[in-house]
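This report describes the open and enclosed spaces of a protein model together with the ligand that accompanies it. Please read it alongside the sequence and the coordinates.

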Amino acid sequence: MNSMYFTEEHQLFRKSLQDFLKKEVVPHIDAWEQTGVIDRFIWKKFGEMGFFGINYPEAYGGLNLDLFYTVILLEELQKINSGGFAAAIWAHVYLAMTHLNAEGSESIKQKYLTASITGDKIGCLCITEPFGGSDVAGMRTTAVKKGDHYIINGSKTFITNGVYSDYLLVAAKTAPELGNKGISILLVDRETPGISATKLDKLGWRASDTGEIAFDEVKIPLSNLLGEENKGFPYIMQHFASERLIMGINAHARAEYALEYALQYMSERKAFGKSINKFQALRHTISDLYTEMEICKEFNYSVAYRLNKGEYAVKHATMSKLKSTKMADEVIYQCLQFLGGYGYMEEYPMARLLRDSRLGPIGGGTSEILREILAKIIIDKKEYKPST
Ligand SMILES: Cc1cc2nc3c(=O)[nH]c(=O)nc-3n(C[C@H](O)[C@H](O)[C@H](O)COP(=O)(O)OP(=O)(O)OC[C@H]3O[C@@H](n4cnc5c(N)ncnc54)[C@H](O)[C@@H]3O)c2cc1C
């Protein structure tokens with residue numbers, strides 16, 4: 001692939017990752033999609049290959065590589081067509097571990113970040129609550145200080161890796177009277193008494209576990225606080241930029257996968273005595289869809305370039321998710337159409353792709369919320385600044 005963003009080393013990494021996924025992951029995907037449980041051995045294999053540590057410091061076993069290695073990891077995970085498997089991996093690496101690395105104390109990093117990089121511990125990030133996800137500041141879970149502990153009470157929902165993870169990063173109100181200025185992020189080990197998790201059934205992302213979690217008098221040491229007390233909201237907002245770019249990259253990659261599959265199918269499928277890729281109506285549709293996908297891809301790479309340079313690219317990352325997830329839904333909807341009745345069959349990849357893609361405009365900030373953020377930046381000239 002020719003691109004101004006990827007070096008020869010990047011391409012070699014892509015090839016070795018593709019080989020690994022084909023050999024170690026693809027043979028199990030259908031089973032994991034059916035059971036909703038990803039076998040634990042694969043986490044360890046990812047760890048051994050170094051994939052969990054590509055953008056984390058060497059001090060904790062990471063490789064400290066540039067962001068385009070992450071772009072490759074995300075793209076290739078989409079191209080094995082299990083949005084759920086991909087989500088389980090990136091929720092661990094880029095939701096949970098991002099907070100551990102950025103705000104965790106040295107002892108938290110030694111214990112949890114190191115084990116997350118080797119694949120011995122799996123993490124999840126718990127922000128959304130049954131009462132609402134978009135209104136992060138309105139969360140009701142509390143963490144009350146008692147002596148040298150916090151006592152957590154409340155509930156979270158729709159949490160990726162919420163049932164099978166080993167630790168949970170929980171956003172809770174440490175000063176409820178202060179609204180969004182009273183939220184903190186706390187590390188809760190799964191072994192702590194008082195946590196119960198229920199697995200949710202859902203339309204897509206079927207290989208990943210999505211959990212509803214209750215915290216009943218969960219007692220954790222004060223040292224499990226991440227960063228400073230009551231700074232949780234800015235920490236969450238800060239990492240939303242990279243999370244949104246991740247979801248934008250996922251979207252362009254699954255759209256590209258859908259188009260590649262559809263093009264192959266259309267070159268083989270015949271109707272009225274010729275390949276269906278000879279019908280002008282379909283050819284023009286392909287041209288439009290490809291254009292949309294490529295524009296999103298190039299834009300997403302440019303946002304990755306900004307983030308890689310340390311720029312706080314909230315506006316561009318928000319645009320990336322808003323536009324790319326819409327594009328992916330439209331591309332995949334149409335690619336399913338190209339396959340006719342086969343597109344609707346589970347034996348072909350489009351049915352799962354369509355289901356998985358639908359989460360794009362919902363998870364990690366709905367499209368409506370993203371438009372609100374952009375309107376504030378564009379119309380009200382609001383400036384978002386990093387918290388650290
Ligand atoms: C499979 C899955 C995995 C997830 N993984 C995680 C995870 O790992 N961790 C986590 O914390 N969360 C996770 N989420 C939660 C996800 O981020 C939320 O679902 C999302 O933020 C929306 O919150 P909500 O579902 O409560 O919808 P609500 O906030 O109730 O919104 C309902 C509707 O109202 C609209 N709306 C709300 N406010 C406004 C407004 N101001 N203006 C216009 N429209 C508005 C929304 O756009 C939406 O269409 C996951 C969700 C799913 C489905």
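The text below treats the pockets, the ligand and the cavities in turn.

**The largest pocket and its lining**

The structure is a predicted model, and its largest pocket has a volume of about 1200 Å³. This largest pocket is lined by 48 residues, and those that lie nearest its centre are T128, I362, G363, G364 and G365. Two or more lining residues come from each of α4 (83–103), β1 (123–126), β3 (149–160), α6 (232–268), α8 (314–338) and α10 (367–378). Among the contributing elements, α6 provides the largest share of the lining of the largest pocket, namely 7 residues. By class, the lining of the largest pocket consists of 26 nonpolar, 12 polar and 10 charged residues.

**The ligand**

The ligand sits in the largest pocket, where it is surrounded by 19 residues, the closest being T128, G133, S134, F158 and T366. T128 thus appears both among the residues closest to the ligand and among those nearest the centre of the largest pocket. The shell around the ligand draws at least two residues from each of β1, β3 and α10, and β3 gives the most, with 3 residues. By class, the shell around the ligand has 9 nonpolar, 9 polar and 1 charged residues.

Polar contacts to the ligand involve both backbone and side-chain atoms of the protein. A nitrogen atom of the ligand lies 2.9 Å from a backbone N or O atom of L125, and a nitrogen atom of the ligand likewise lies 2.9 Å from a polar side-chain atom of T160. An N or O atom in the side chain of T366 is 2.6 Å from an oxygen atom of the ligand. On its own the ligand has 980 Å² of accessible area, of which the protein covers 65%.

**The second largest pocket**

The second largest pocket holds about 720 Å³ of space and is lined by 27 residues, with N55, L67, T98, S242 and L307 nearest its centre. At least two of its lining residues come from each of α3 (67–78), α4, α6 and α7 (280–308). In the second largest pocket, too, the largest share of the lining comes from α6, with 7 residues.

**The cavities**

A search of the whole structure finds 2 cavities of 30 Å³ or more. The largest cavity, with about 140 Å³ of space, is lined by 16 residues, of which Q78, G83, W205, R254 and D356 lie nearest its centre. The elements giving two or more residues to the lining of the largest cavity are α3, α4, α6 and α9 (350–357).

The second largest cavity contains about 50 Å³ of space, and its lining is made up of Y94, L95, T98, H99, L125, I127, I236, H239, F240 and E243. Both α4 and α6 supply at least two residues of the lining of this second largest cavity. Two of its lining residues also occur elsewhere in this account: L125 lines the second largest cavity and has a backbone atom 2.9 Å from a ligand nitrogen, while T98 lines the second largest cavity and lies among the residues nearest the centre of the second largest pocket.

The table sets out the class make-up of three linings.

| Space | Nonpolar | Polar | Charged |
|---|---|---|---|
| Second largest pocket | 14 residues | 10 residues | 3 residues |
| Largest cavity | 6 residues | 8 residues | 2 residues |
| Second largest cavity | 6 residues | 3 residues | 1 residue |

Definitions and conventions
Residues are numbered from 1 along each chain as its sequence is written. This is a predicted model: local features need pLDDT of at least 70, side-chain atom pairs count only at pLDDT 80 or more; totals for chains, interfaces and linings use all residues. Side-chain values use heavy atoms; hydrogens and water are left out. On a 1 Å grid over the protein atoms alone, a cavity is a set of points where a 1.4 Å probe fits but cannot get out, and a pocket is an open set with protein on both sides within 12 Å along at least five of seven lines; lining residues have an atom within 4 Å of a point. Grid points are joined across faces, edges and corners, and a volume is the space filled by probe spheres set on the points. Helices (H or I, at least four residues) and strands (E, at least two) are DSSP runs, numbered from the N terminus. Ala, Val, Leu, Ile, Met, Phe, Trp, Tyr, Cys and Pro count as nonpolar, Asp, Glu, Lys and Arg as charged, and the others, Gly among them, as polar. A residue is near a molecule or strand if one of its heavy atoms lies within 4 Å of it. A polar contact is a pair of N or O atoms within 3.5 Å; within protein, one must be able to donate a hydrogen and the other to accept it, and residues adjacent in sequence count only if both atoms are side-chain atoms. Accessible areas come from the Shrake-Rupley method with a 1.4 Å probe; for residues, only the protein chains shown count as cover. A molecule sits in a cavity or pocket if more than half of its atoms lie within 2 Å of its grid points.
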